[in-house]
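Here is a brief report on one sheet and the enclosed space beside the strands. Start with the strand order, then turn to the cavities.

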Amino acid sequence: MSYFKNSKNRWCVGVATSVVSMCLTGAGISEGRAQSTEPRVLPPVSVDAPQQRARATRVTPQRAAAPRAARVTPRQTAERPPAPVAPPTMGTTRAIGAPAPAYAGGQVAQGGTLGLLGSTSAMNTPFSVVNFTSQLIENQQARTAADTLINDSSVRTTTGANGFDDTFQIRGFPVAATDVGLNGLYGLASSQRVPAQIIERIELLKGPGALINGIAPGNSIGGGINVVTKRATETDFARLTPFFMSAASYGLHLETSRRFGANKEWGVRFNGVGRNGEASIDDGNFRSGLGALAIDYRGERFRWTLDAFSQNDDTDNFRPQVSLSSIGNVIPAAPDARSNWYPGTKLRQKDNTVATAAEYDLTDWLTAYAGVGYREGSNYQTFPSSATAVDALGNFTVQNNYYDSYSKTVSGNVGFRSQFDTGFIGHKLNFVYSGYQQEYGYAYIIGNRAASNIYNPSPLPSITAARTAPQHSADTTLQSVAVVDTMSFLNESVLLTAGVRQQNVKQDSFSITTGALTSGYDASATSPLAGIVVKPWHNVSLYANYAEGLSQGTIVTGTFANTGTVLAPYKSKQQEAGIKVDWGLITTTAAVFEITRPSLITTASNERLYDGEQRNRGVELNAYGLILPNLRGMVSATFVKPELTNPSIASQRGNDAAGVPDKTFSASLDWDTPWVQGLALNGRVIYTGSSYLTTANTVKFPDWTRLDIGARYTTTALTGKPVTFRANIENVTGENYWLTTGTYVTVGAPRTYILSAAFDF
């Protein structure tokens with residue numbers, strides 16, 4: 001077995017080496033065709049000033065009457081000023097304005113905002129990043145950000161559609177829904193899921209991002225996700241989109257966008273969504289309402305934005321989760337994806353957010369910026385749990401509970417971005433202060449127990465105790481000061497990034513019965529970052545980085561022996577190296593990485609503690625762009641070895657961490673058909689390899705593959721304005737499979753039909 005594992009590791013490294021070699025071999029050939037992210041230097045051109053034909057006509061009037069005069073461009077009586085456009089952000093000190101332009105194919109952007117590093121091109125970034133566009137989101141008919149992020153093989157969801165929230169796994173480590181940023185600030189997006197209708201860009205950073213974005217509230221280290229909200233476009237429009245989703249869920253999406261002012265300096269964009277009906281669970285119902293308003297102003301030096309949205313979801317019979325028993329070393333077969341193991345559950349979620357940001361160009365090379373937002377959220381739910389884990393035959397003991405909670409969050413930042421030269425060295429310097437404060441409260445009411453089975457579930461047992469309002473449980477304050485400098489040499493063929501963030505974590509835990517302080521800590525730590533990009537050719541980037549992530553300690557909740565304890569903060573470390581090649585219409589990337597962090601374990605005495613170390617080593621391969629005229633595509637593969645290097649149980653040293661697949665693949669195509677104008681077809685394949693149920697490595701979850709297909713047709717024949725019909729089928733073959741982070745599991749969504757028609761007017 002050890003020989004097999006070693007051979008497997010060598011094979012993964014060999015694949016990466018081969019891709020790197022291929023990229024370097026072809027770099028010189030493709031250099032002339034590549035779409036450089038930097039302005040190109042063109043050869044000097046001599047242009048003669050045009051003659052004033054009006055005066056010449058008065059001297060020689062007979063030529064004005066000649067037949068050839070009809071072909072002369074008519075004289076302009078008044079020169080029309082150029083149409084106002086949004087100020088560019090990529091490569092400048094700005095963050096408010098036009099997002100980075102789309103790359104060939106339109107599915108991925110050329111760059112994006114990267115927290116402390118500012119808005120920059122992907123080729124100039126010493127990290128692995130992907131920036132998904134609203135075009136991809138709309139054409140795949142995503143409902144939440146999670147539906148788009150799985151286009152990258154390094155990202156997998158560990159919760160299914162119509163569940164409590166969207167929880168991710170990036171590079172083998174969990175990333176909570178609470179760690180999705182909104183326009184660069186944590187804690188302002190919904191703590192459950194981000195609706196696709198408000199998203200302009202989804203920016204994915206792989207690896208610890210403590211220096212880039214600050215400490216993540218939910219302790220994520222595998223990567224960072226930032227959502228950029230929609231702004232008013234240069235072209236005014238109004239769009240009405242009725243949609244249908246199986247089994248019987250109907251909805252309506254209204255979107256409007258308009259700019260005002262002599263130079264279109266004011267912009268207003270609104271998105272409203274209403275939805276009701278059975279979604280993906282038998283006898284379930286999902287009612288949802290969303291209202292989102294975005295206002296922006298862009299002057300010559302001053303820019304300002306305001307976002308306000310309200311999100312309300314009310315679900316009967318939401319997608320369940322359950323614990324699996326490791327006794328017997330057998331994993332039960334995944335039940336029907338439309339089944340509900342806890343019939344009678346109810347979940348009501350509310351989120352209200354308001355956020356504003358502004359920036360001012362003090363000089364041509366210095367911009368001051370600030371942003372602040374407030375979010376208030378609440379969850380009221382029936383919260384069944386498996387008092388005894390599910391055995392090989394599907395039997396378990398269900399305990400019914402109420403778990404209601406609320407959170408109030410304030411998040412903001414203030415800083416300066418600058419660009420200047422010192423001799424032959426260019427600098428992009430950023431200094432920022434970030435702050436995050438959250439009040440959290442909950443009420444956990446324990447109910448009765450009953451025997452049940454996931455294939456033939458029993459009705460939920462009763463809860464005899466009175467339901468009480470959530471009480472104050474914890475206060476969390478995160479503060480940091482950071483500075484980073486990206487230095488460029490040799491006409492930006494070498495980019496060196498160095499930075500440091502000093503972070504303070506203060507967390508207090510309170511008794512929900514007496515309100516007394518039960519535990520807490522106040523700790524500080526420094527997170528350094530170093531990265532380098534070397535461009536031997538303008539279309540090739542060789543990069544490497546070292547980064548540390550700081551995570552706040554977990555508050556132990558639930559039924560553990562040390563419930564209420566606040567665990568101390570911990571550090572994670574990443575080392576990464578890779579290559580990016582822009583071939584002109586296609587970009588390919590390859591990366592190798594290593595991330596280490598302490599492991600969160602449950603002891604024999606039922607206590608939750610950090611003990612030992614998990615080390616994830618992996619290889620990532622990606623390609624995206626325009627494969628052929630009218631054929632767009634993305635493909636990625638990730639290979640991970642999630643090794644326990646210092647486990648609490650000595651015999652498990654070298655074992656794989658639970659719930660981390662060893663390989664994942666994602667691939668999609670989108671094709672404009674040549675025989676019918678306006679008709680496009682698309683398809684996507686998602687593959688996830690097997691993973692272990694426990695760290696004992698005695699039994700594995702099976703691998704699974706999901707196939708999605710779709711089509712769309714755009715025409716102006718109906719109303720004189722564009723009308724786009726879309727039809728998608730997700731999980732075409734109706735596969736039933738487990739989604740897992742270890743012993744706590746759910747099932748993936750069933751075969752799902754999505755139909756919509758977008759009418760512009």
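In this predicted model, four strands make up an open sheet. Their order is β3-β8-β9-β7, and the pairing is mixed. β3 and β7 each have a single partner strand, so they stand at the edges and one side of each lacks a neighbour in the sheet. Direction ignored, neighbouring strands here are turned by 20° against each other on average.

Take the β3 edge. β3 pairs with β8 in the antiparallel sense, over six bridges. Asn131 stands opposite Glu203 in β8.

Now the enclosed space. The structure holds twelve cavities of 30 Å³ or more. The largest has a volume of about 150 Å³. Its lining counts 19 residues. Which of them lie nearest the centre of the largest cavity? They are Thr113, Leu114, Val129, Asn131 and Glu203. Asn131 and Glu203 thus appear twice: they stand opposite each other across the strands, and they are among the residues nearest the cavity centre.

Five strands each supply at least two residues of this lining: β1, β2, β3, β8 and β9. Their residue ranges are as follows.

| Strand | Residues |
|---|---|
| β1 | 111-113 |
| β2 | 119-121 |
| β3 | 128-133 |
| β8 | 199-206 |
| β9 | 223-229 |

What is the make-up of the lining by class? The largest cavity has seven nonpolar, eleven polar and one charged residues around it.

Note on methods. Residues numbered from 1 in each chain as written. Predicted model: local features only at pLDDT ≥ 70, side-chain atom pairs only at ≥ 80, totals over all residues. Heavy atoms only, no water. Pairing = 2+ DSSP bridges. Axes fitted to C-alpha atoms, helices over the stretch in contact; angles between N-to-C directions. 1 Å grid on protein atoms, 1.4 Å probe; cavity = no way out; pocket = protein on both sides within 12 Å on 5 of 7 lines; lining within 4 Å. Points joined across faces, edges and corners; volume = space filled by probe spheres on them. Nonpolar A, V, L, I, M, F, W, Y, C, P; charged D, E, K, R; others polar.
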